[in-house]
Amino acid sequence: MGVGITVENLNAWFGKHHALHDVSMIADANKCTAIIGPSGCGKSTFIRCLNRMHEVIPEARATGSVRVGEVDIYNGTSAVQVRRRVGMVFQRPNPFPSMTVFDNVAAGLKLNGIAPGKKELEELVERALRGAALWDEVKDTMKKKSGASLSGGQQQRLCIARTMAVEPEVVLMDEPCSALDPISTGKIEELIFQLKEKFTIVIVTHNMQQAARVAEFTGFFLMGRLIEFDRTEKVFTKPSDKRTEDYITGRFG
Amino acid sequence: MARALNQQVAPLPFGRKLSDWAATFIAASCVVLVLAPLLAIFGYLLYKGFGALNFDFLTKTPAPPGEIGGGMANAIAGSVLILGLASAIGVPVGIGSGIYLSEYGRGSRFGNLIRFTSDVLNGVPSIIIGITAYALVVLTRGHFSALAGGVALGIMMIPTITRTTEEMLLLVPHSLREAAYGLGVSKWRTTVSVTLRTATSGVITGCMLAFARIAGETAPLLFTVFGNTYWNWNLDQPTAALPLQIFSYAISPYDDWHRQAWAGALILIILIVFSVAAVRIAVSRGTLGSVQ
């Protein structure tokens with residue numbers, strides 16, 4: 001089951017550059033929340049703060065409070081523990097090229113030292129691959145072929161399967177379709193609808209139609225600030241801020 | 001666009017054809033220039049050394065001066081022992097410091113210091129590294145030993161392996177590390193099971209380069225392993241080594257020893273080629289796809 005995320009007064013920096021200013025919002029459990037905005041507005045930085053991936057970059061830091069369920073991830077937990085509960089799918093598919101398709105899905109369990117017995121692991125991998133709508137395409141070759149040998153769309157679904165296999169509560173998606181063709185994009189969007197039953201999803205997207213299709217809530221970022229956050233229909237039909245309206249109608253960005 | 005499709009493609013002007021041909025020719029000549037000395041050396045070694053190769057050469061210890069026959073079995077075994085020891089020291093230390101430079105010490109003052117030191121160490125003449133091992137091991141133990149030779153050659157392997165490991169790990173895209181972090185994998189585990197594993201073949205190439213470079217070293221062995229005309233398996237005792245044996249046989253006054261020196265050189269080359277090839281094959285079977 002997913003859990004909600006509550007963000008309060010989140011600020012993020014890259015060195016001296018102040019990238020996020022006082023962002024506060026709530027992402028409901030088992031809902032999809034979309035983050036839109038022009039390039040460089042802090043969308044990716046924002047979701048990378050939700051699983052403490054932001055601090056992986058040298059000299060990057062963040063302050064404020066992000067609660068995943070009841071746990072404040074910036075207070076008293078380790079980044080590693082946070083990331084086991086909050087998984088991430090990246091902009092470019094990044095399967096591990098040195099591992100087979102099977103091992104890619106099993107990677108999270110194996111590398112965390114929580115791999116169950118062989119039979120149970122096979123079941124888990126199958127469930128994850130089915131969940132990511134990839135099972136039928138790879139079931140015969142998954143133990144021979146490298147994860148990098150799949151097509152771009154398949155690789156991205158493999159990355160989703162890999163994330164699902166560790167059973168997180170929240171899945172963050174950083175423009176998961178921007179490197180994919182429309183057919184693969186369609187498959188991933190269908191997937192998002194199913195994934196909502198199990199996880200809370202926060203998705204960054206450049207594609208406003210996509211946000212409108214998959215998300216219940218939408219947040220609009222501009223210059224590192226959360227300008228507007230509301231139900232998706234409201235944001236796209238009756239935005240309360242002039243800047244949101246300008247962006248959505250294509251007047252800038 | 002439509003017009004471009006209908007247009008006849010004009011033939012390339014002669015000048016461009018000529019420069020294309022010239023570039024191909026120059027590149028091909030360079031390949032020949034690189035391969036020629038290698039083939040010449042190998043051919044000459046085969047020509048000179050193959051005649052002296054026989055069963056005795058591979059199984060017997062050296063004959064007393066003036067006598068015909070005997071072999072270099074103890075020197076071959078000694079070389080294998082010393083090279084194994086050197087790799088046991090050089091490979092883990094080199095890979096470890098390469099990991100540090102690429103994953104932990106990036107941009108830090110200490111990391112830069114290590115990188116600089118490693119480059120300097122790479123330029124230190126091998127005889128000086130031999131003297132260092134002499135002072136560190138031979139003087140403190142009170143006698144020459146295989147161990148001292150292994151330490152000297154091991155030190156020589158470290159800078160090459162360190163820098164190639166660092167470069168190969170840097171080639172692994174950052175996104176793979178982030179993928180592992182995103183699964184809640186710790187940094188150390190990510191480094192070993194994702195980053196290093198992806199760079200395996202490049203790192204192995206670095207190790208093999210270092211190995212091939214030290215396998216023929218003679219100078220650092222002169223006052224570390226010292227040489228021995230008998231069998232020795234004790235790491236704490238003077239040991240025979242192929243380069244040393246070749247050296248002393250080549251400057252001897254006996255014709256038979258000269259022929260054996262050629263055979264020894266041939267065996268040394270074969271030893272290097274085979275170990276490099278064996279490791280390459282073993283690694284390529286064990287890995288799927290990786291950087292490089």
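Student: In this predicted model, is Phe144(B) buried, partly exposed or exposed?

Tutor: The class depends on the relative accessible area, where buried means under 20% and exposed means over 50%. Phe144(B) has a relative accessibility of 23%, and so the residue counts as partly exposed.

Student: What is the class of the aromatic pair that Tyr134(B) forms with Phe144(B), and why?

Tutor: By the ring rule the count comes to 13 aromatic pairs over all chains. In the pair of Tyr134(B) and Phe144(B) the ring centres are 6.2 Å apart and the planes stand at 40°. Planes under 30 degrees apart would count as stacked and those over 60 as edge-to-face, so this pair is tilted.

Student: How many residues apart in sequence are the parts that Tyr134(B) and Phe144(B) tie together?

Tutor: Tyr134(B), which is itself partly exposed with a relative accessible area of 29%, lies in helix α6 of chain B, residues 126-141. Phe144(B) lies in the loop between α6 and α7 of chain B, where α7 covers 146-171, so the parts tied together by the pair are apart in sequence by ten residues.

Student: Which residues form one aromatic cluster with Tyr134(B)?

Tutor: The partner already discussed, Phe144(B), belongs to the cluster of Tyr134(B). Two further phenylalanines of chain B are included in this cluster, and the members beside Tyr134(B) are therefore Phe144(B), Phe223(B) and Phe226(B).

Student: Is Ala133(B), in helix α6 of chain B, buried or exposed?

Tutor: Leaving aside neighbours within four places in sequence, Ala133(B) is in contact with Val138(B), Ala148(B), Ala152(B) and Thr224(B). The C-alpha atom of Ala133(B) is separated by 9.4 Å from that of Leu147(B), 14 residues apart along the chain. With a relative accessible area of 0%, Ala133(B) is buried.

Student: Over which ring does the charged end of Lys187(B) sit?

Tutor: A charge sits over a ring if, among other conditions, the Lys NZ or Arg CZ atom is within 6 Å of the ring centre. In chain A, Arg61(A) lies over the face of Trp13(A) at 4.3 Å from the ring centre. In chain B, the charged end of Lys187(B) is 4.6 Å from the centre of the ring that it sits over, which belongs to Tyr104(B).

Student: Which residues lie closest to the centre of the largest pocket?

Tutor: About 450 Å³ of space lies in the largest pocket, and 18 residues line it. At least two lining residues each come from α2 (79-85) of chain A and from α4 (73-104) and α8 (174-182) of chain B. The residues closest to the pocket centre are Val56(A), Glu103(B), His174(B), Tyr181(B) and Lys187(B).

Student: Which element gives the most to the lining of the largest cavity?

Tutor: Two cavities of 30 Å³ or more are counted, and about 40 Å³ of space lies in the largest cavity. The lining of the largest cavity includes Ser79(B), Ile82(B), Leu83(B) and Leu153(B). Both α4 and α10 (200-215) of chain B supply at least two lining residues each, but the element that gives the most, with three residues, is α4(B).

Student: In the largest nonpolar core, which residues touch the most other members?

Tutor: The largest nonpolar core holds 133 residues. Phe46(A) touches, among others, Val7(A), Leu20(A), Ile35(A) and Phe221(A), not counting residues up to four places away in sequence. The residues that touch the most other core members are Leu10(A), Phe46(A) and Leu129(A).

Student: What is the phi of Asn9(A), in strand β1 of chain A, given that Asn9(A) is not a glycine?

Tutor: Asn9(A) counts as partly exposed at 47% relative accessibility. Asp22(A), found in strand β2 (residues 17-27) of chain A, has a positive phi near 45°. For Asn9(A) the phi is likewise positive, at about 50°.

Student: Is Thr244(A), in helix α10 of chain A, buried or exposed?

Tutor: Apart from neighbours within four places in sequence, Thr244(A) is in contact with Phe220(A), Ile227(A), Glu228(A), Val235(A) and Pro239(A). At 0% relative accessibility, Thr244(A) counts as buried.

Definitions and conventions
Residues are numbered from 1 along each chain as its sequence is written. Chains are lettered from A and ligands numbered from 1 in the order in which they are written. This is a predicted model: local features need pLDDT of at least 70, side-chain atom pairs count only at pLDDT 80 or more; totals for chains, interfaces and linings use all residues. Side-chain values use heavy atoms; hydrogens and water are left out. Rings of Phe, Tyr and Trp (its six-membered ring) pair if their centres lie within 6.5 Å; planes under 30 degrees apart count as stacked, over 60 as edge-to-face and the rest as tilted. Helices (H or I, at least four residues) and strands (E, at least two) are DSSP runs, numbered from the N terminus. Buried means under 20% relative accessible area, exposed over 50%, partly exposed in between (1.4 Å probe, protein chains only). A charge sits over a ring if NZ of Lys or CZ of Arg is within 6 Å of the ring centre and within 35 degrees of the ring normal. A nonpolar core is a set of buried Ala, Val, Leu, Ile, Met, Phe, Trp, Tyr and Cys residues joined through side-chain atoms within 4.5 Å. Contact means heavy atoms within 4.5 Å. On a 1 Å grid over the protein atoms alone, a cavity is a set of points where a 1.4 Å probe fits but cannot get out, and a pocket is an open set with protein on both sides within 12 Å along at least five of seven lines; lining residues have an atom within 4 Å of a point. Grid points are joined across faces, edges and corners, and a volume is the space filled by probe spheres set on the points.
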